[in-house]
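Subject: Structure handover and notes

Dear colleague,

I am passing on the structure we spoke about, and my notes on it follow directly below. Please read them with the coordinates open beside you.

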Amino acid sequence: MSGGADGADDAEAAADGGGDRADRVAVTGTPGTGKTTATALLEGEYDVIHLNERIKGDDDLWTERDADRDTLVADLDAVREALGDWAGVLDSHLAHRFDVDRVVVLRCRPEAIESRLEARGESPETAAENAESEALDVILSEAVAEHGAEHVYEVDATDRDPEAVADAIRAAVEGEREPSAGTVDFIDYI
């Protein structure tokens, strides 16, 4: 955008919701909500960091393997150091634990999470644990506690295709939508 001599173009863009682009955006959510699929569609527009892949690929970014869950335990301090002065979109169920301007929390019906995780080879126990975490708003609660509700954008991805989810993320990055923490409720699963 280019501003005129009096800045009228910039003021008009701000009034239209433009000009409020965030430098650092976390896209987080329970495993199985569609974070990596949706953020992959944004790679041509933003620097997208798929944090889980980076952690898996660097032995210095994790401390141990949780044998029961067949997962790595991330060393968040080491990850912060490795990220350095980053900008863009950070994709991970851990992304909300970092210094960011906005947090997009993808949500999905717990039953859908359970079946998605089992389809990609997770144990029924792990899938059920993640579904229960989603029903209890675990990641949403952590994101709000860490960053404040005014910086959290909740997106129900249950019945949206990846392109629509990417559009919702883009709107949050660009400042084209209002924060929306606490708008999705899956407690009926419990």
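I begin with Asp 66, which belongs to strand S3. When the neighbours within four places in sequence are left aside, Asp 66 is in contact with Thr 71 and Val 73. Its C-alpha atom lies 31 Å from that of Ala 181, a residue 115 positions away in sequence.

Before going further, please keep in mind that this is a predicted model. The mean pLDDT of the chain is 89, and 90% of the residues reach 70 or more. Over residues 1–17, however, the pLDDT is below 50, and this stretch has 12 contacts in the model beyond near neighbours in sequence. Where pLDDT is low, the predicted coordinates should not be read in detail.

The pocket

The largest pocket holds about 1,400 Å³ of space. Its lining is made up of 47 residues, of which Pro 31, Asn 52, Thr 71, His 93 and Arg 120 lie nearest the centre. Two or more lining residues come from each of H2, helix H3 (51–56), strand S3 (62–66), strand S4 (71–74), helix H5 (110–119), helix H6 (124–135), helix H7 (138–147) and H8. Among these contributors, H3 gives the most, with five residues. If you sort the lining by class, you will find 15 nonpolar, 15 polar and 17 charged residues. Thr 71, one of the residues nearest the centre of the pocket, is also one of the two contacts given above for Asp 66.

Helix H6 and the loop after it

For H6, the 12 residues should span 16 Å at 1.5 Å a residue, and the end C-alpha atoms are 16 Å apart, so the model agrees with the expected value. The buried residues of this helix are Thr 126, Ala 127, Asn 130, Ala 131, Glu 134 and Ala 135, and what covers them includes S6 and H5. Glu 125, which also lies in H6, counts as exposed because its relative accessibility is 59%, where the cut-off is over 50%. The C-alpha atoms of Glu 125 and Ala 40 are separated by 28 Å, with their positions 85 residues apart along the chain.

What is the sign of phi in Asp 137, the residue that follows H6? Phi of Asp 137 is near 60 degrees, a positive value in a residue other than glycine, and you may wish to look at it in the loop between H6 and H7, where it is found. Asp 137 counts as partly exposed because its relative accessibility is 22%, which falls between the cut-offs of 20% and 50%.

Helix H8 and its surroundings

The 12 residues of helix H8 (residues 162–173) should likewise span 16 Å at 1.5 Å a residue, and the distance of 16 Å between the end C-alpha atoms agrees with this. In H8, the buried residues are Val 165, Ala 166, Ala 168, Ile 169, Ala 171, Ala 172 and Val 173. Their cover includes strand S1 (24–29), helix H2 (35–40), strand S5 (88–91), strand S6 (102–107) and strand S7 (152–156). After H8 comes Gly 175, whose phi is positive, near 75 degrees.

Thr 28 in strand S1

Strand S1, named above as part of the cover of H8, contains Thr 28. Is Thr 28 buried or exposed? At 0% relative accessibility, Thr 28 counts as buried, since the cut-off is under 20%. Leaving aside neighbours within four places in sequence, the contacts of Thr 28 include Lys 35, Ser 92, His 93, Leu 94, Val 104 and Ile 139. For Leu 94, which is 66 residues away from Thr 28 along the chain, the C-alpha separation is 6.6 Å. His 93, another of the contacts of Thr 28, is among the residues that lie nearest the centre of the largest pocket.

With best regards

Note on methods: Residues numbered from 1 in each chain as written. Predicted model: local features only at pLDDT ≥ 70, side-chain atom pairs only at ≥ 80, totals over all residues. Heavy atoms only, no water. pLDDT = per-residue confidence, 0-100. Contact = heavy atoms within 4.5 Å. Helix = DSSP H or I, 4+ residues; strand = E, 2+ residues; numbered from the N terminus. Expected span 1.5 Å × (residues − 1). Buried < 20%, exposed > 50% of the residue type's maximum accessible area, 1.4 Å probe, protein only. 1 Å grid on protein atoms, 1.4 Å probe; cavity = no way out; pocket = protein on both sides within 12 Å on 5 of 7 lines; lining within 4 Å. Points joined across faces, edges and corners; volume = space filled by probe spheres on them. Nonpolar A, V, L, I, M, F, W, Y, C, P; charged D, E, K, R; others polar.
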